[in-house]
There are 2 protein chains.
Amino acid sequence: MKQSKRKRVTLQQVAEHAGVSRATASLIVRNSPSVSEKTRKKVLASMKELGYVYDRIAANLRSQTSSTIGVIITDISNTFFTELLIGVHEELEKDGYTVFLGTTFDSDNRQDQLLSTMLEHRVGGIILCPVAGTSEDTIRKIQHLDVPSVLAVRELPEVESDYVGVDYSLGVQKAVQHLLQQGHKRIAFLGGTTGSTTWKERMEGYRLALENAGISIDEELVIPSGPTRSGGVEAAHQVLNISEPPTAVFCFSDLVAFGVMQGLKEKGIVPGEDIAVVGFDNVMESSVCHPTLTTVSSFARQIGKDAARCLHNQIVDKKEHHHRIILTPQLVVRESSSKKRSS
Amino acid sequence: MKQSKRKRVTLQQVAEHAGVSRATASLIVRNSPSVSEKTRKKVLASMKELGYVYDRIAANLRSQTSSTIGVIITDISNTFFTELLIGVHEELEKDGYTVFLGTTFDSDNRQDQLLSTMLEHRVGGIILCPVAGTSEDTIRKIQHLDVPSVLAVRELPEVESDYVGVDYSLGVQKAVQHLLQQGHKRIAFLGGTTGSTTWKERMEGYRLALENAGISIDEELVIPSGPTRSGGVEAAHQVLNISEPPTAVFCFSDLVAFGVMQGLKEKGIVPGEDIAVVGFDNVMESSVCHPTLTTVSSFARQIGKDAARCLHNQIVDKKEHHHRIILTPQLVVRESSSKKRSS
DNA sequence: CTGAAAGCGCTTACAG
DNA sequence: CTGAAAGCGCTTACAG
């Protein structure tokens, strides 16, 4: 909280300096065509001379508009979300919005607080990647949000809202089918928190793919963990301890997969050689890690762009029907799963 | 720009509902102690019932304060900057600030526009990582910023301001000395744009380290490039084309180093075996790429925290003296340079 | 194009 | 603790 060092120059002062009315000056800052070129130039010159800075806050207050958008993501050190954020920025900036950024680190409390703060700041809309364990209270809050909003990446039960995500189930099916084609029969599913919709959808895909291949699920091969690198390390250690270890693993996300590969290496297992590894997200690192990671692209940037577009449409249109955009994931085969298994 | 669907509940309405004056309600939202517990509870209940949302924008306008901070970084897909951003967030959130995020992607125009937008939004302060080719015009603008500001990562000539960065020269010296100790004599300096202060400082460190070892600089071994992964790829290809290629390379940043390693691999050279590679920044990927990358830690997160702290102090203190915080970089030795060269 | 007035939702300052 | 008034910097609506 601060006081400005110098007092801001006001539109009033500009008007006086240029010898016009405040109303005229106001028309000029808003680019109204109904001002003669001559007065416009005069006023613009005065603005420059006095160092006038438009007070968008005051203008928004008076006109009951907003030029800000709140974006709430989970984790800024996860490349998936930074990619998404780039997509959001790309779209929103061309519409003249400025973005408030908040990161929850998957804490429901922080999410709740960020929502409040953004509403207090009169954001014109909110793009929210909800935390995994979003509480009932917060869900109610989101339901009654009186600003346009779109959920991204993860859906929330009972919240009717625009949503942009990927078909996780389909993505996992593609991944598991690929592993099956490589000759694998014992395929584990590592990582992710079981409560989240993103996990459930992936689990569904895993189930379907195995079912279609006539393989029944071995519960021992499903090992949840935190959706982090260290979660992956633990899951890897755990999976090596079961009586009959898998020959291939599907990981909840690339981040988890990096941890899994690290965990395997720590136990002397060579990922891509001894055990095939597949991730999910296709973050940038997946093409430069060792071995390069077979993964499923979830088009983070596109999610961001689509979410921004949805939000913009809501703001402009005010129609009440809700859109759901579900992107089709794509398999990217790399070294970590390229070794065929002789059966 | 949008109209709210529902009209916001105002403090006036809350006051009427609770049967108190608007002034009293205002005292309560601001947590003033001079209100009896009984009325406070009554009013808080009314707020909850009516779904009141504090309008921080209106409050800030009236009291001429701000609760927002603008943060302008270069590239959000560069882990160095996301780490920095995490540091900034950590510090600022505990002081109740909300952050506007802008990314320049090293475009002077975008930087200029972001600065304007943030000022129009009445930010209480600005943390700026200036773009490499910041123009005279923008520099003048920054000089006359009438909000508190701190520069981070990169200094700007002729701008007197708080600054937080690392001793790049020292960092490079540590890196090059390490390579010398490993028995290398021909050490290249790859990547970075020659105009930037960050490049010049690194060049200075490179020069000093070689000079101290009695080695004169071979201009052929200094190959600038864009500060990106693809810049690194190109620089690697280029350095292999010179008549007597180096046995070790120092790279402008980890990002460049990843590109360099990729570029070397493409030409059949094994980084860490055939040519030693050292980076700068110690981003997270550097410990998981292959080979793991020897690098110099520049403590991005700490830069962010310190910059936020500086800014906060400026806002609170309003003293005019300027602080410079220069962090001491640290060498992190990994596989990419661990092979001793027999001389 | 101009001028005078009202108002966005708050806080401030002051008399009671 | 309350009430009435003024004001932050803008936009709006309206009569000229």
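In chain B of this predicted model, four strands form an open sheet with parallel pairing, in the order S7-S6-S8-S9. Strand S7 (222–223) and strand S9 (276–278) of chain B stand at the edges with a single partner strand each, so one side of each has no neighbour in the sheet. To see how two of these strands meet, start with strand S6 (residues 187–190) of chain B, which pairs with S7(B) in the parallel sense over two bridges. Here Leu190(B) has Ile223(B) in S7(B) as its bridge partner.

Now look at the other chain. Chain A also has an open sheet of four strands, with parallel pairing and the order S7-S6-S8-S9. Its edge strands are strand S7 (222–223) and strand S9 (276–278) of chain A, each pairing on one side only. Inside this sheet, strand S8 (residues 248–251) of chain A and S9(A) pair in the parallel sense over three bridges. Try finding Ala248(A) on your screen: opposite this residue, in S9(A), stands Ala276(A).

Another strand of chain B is worth a visit. Are the residues of strand S4 (residues 149–152) of chain B buried or exposed? On one side Ser149(B) and Leu151(B) are buried, and on the other side Val150(B) and Ala152(B) are buried, so both faces of the strand are covered. S4(B) pairs with strand S3 (residues 125–128) of chain B in the parallel sense, over three bridges. In that pairing, Leu151(B) of S4(B) is the bridge partner of Leu128(B).

**Chain A as a whole**

Let's step back from single strands. Chain A holds twelve helices and twelve strands. Its radius of gyration is 26 Å, well over the 20 Å that the globule rule gives for 343 residues, so chain A is more spread out than a compact globule. Along its principal axes, the C-alpha trace of chain A spans about 90 × 40 × 35 Å. Of the 343 residues in chain A, 49% are buried. Among the contacts in chain A with a separation of 6 or more, 73% are between residues 24 or more positions apart.

Chain A is divided into domain 1 (11–54), domain 2 (68–166 + 300–328) and domain 3 (168–298 + 331–337). The centres of domain 2 and domain 3 of chain A, taken over C-alpha atoms, are separated by 28 Å. Ten residues from domain 2 of chain A and 14 residues from domain 3 of chain A take part in the contact. On the domain 2 side of chain A, the residues that touch domain 3 of chain A are four nonpolar, four polar and two charged.

**Where the two chains meet**

How many residues does each chain bring to the contact between chain A and chain B? Chain B brings 43 residues and chain A brings 44 residues. On the chain B side, the elements giving two or more residues are H4, helix H5 (79–94), strand S2 (98–103), helix H6 (108–120) and helix H11 (254–266) of chain B. By class, that side of chain B has 17 nonpolar, 16 polar and ten charged residues.

Strand pairing crosses from chain to chain too: strand S2 (residues 98–103) of chain A and S2(B) pair in the antiparallel sense over three bridges. Phe100(A) has Phe100(B) in S2(B) as its bridge partner.

**Around the DNA**

There are 26 residues around DNA strand C, and those that come nearest are Ser21(A), Thr24(A), Ser36(A), Leu11(B) and Ser26(B). The elements giving two or more residues to this surface are helix H2 (22–29) and helix H4 (56–63) of chain A, together with helix H2 (22–29) and helix H4 (56–63) of chain B.

DNA strand D has 27 residues around it, of which Ser26(A), Ser21(B), Thr24(B), Ser36(B) and Arg62(B) come nearest. Here the elements giving two or more residues are H2 and H4 of chain A, along with H2 and H4 of chain B.

Which element gives the most to each surface, and how do the residue classes divide? The table sets this out.

| Surface | Element giving the most | Residues by class |
|---|---|---|
| near DNA strand C | H4(B), five residues | eleven nonpolar, eight polar, seven charged residues |
| near DNA strand D | H4(A), five residues | eleven nonpolar, nine polar, seven charged residues |

Notes: Residues are numbered from 1 along each chain as its sequence is written. Chains are lettered from A and ligands numbered from 1 in the order in which they are written. This is a predicted model: local features need pLDDT of at least 70, side-chain atom pairs count only at pLDDT 80 or more; totals for chains, interfaces and linings use all residues. A residue is near a molecule or strand if its C-beta atom, placed from the backbone, lies within 6 Å of it. Ala, Val, Leu, Ile, Met, Phe, Trp, Tyr, Cys and Pro count as nonpolar, Asp, Glu, Lys and Arg as charged, and the others, Gly among them, as polar. Domain bounds come from an automatic or database domain assignment. Two residues are in contact if their C-beta atoms, placed from the backbone, lie within 7 Å. The radius of gyration is taken over C-alpha atoms; the globule rule is 2.2 Å times the number of residues to the power 0.38. A residue is buried if 20 or more other C-beta atoms lie within 10 Å of its own, exposed if 12 or fewer, and partly exposed in between; C-beta atoms are placed from the backbone. Two strands pair if DSSP finds at least two bridges between them.
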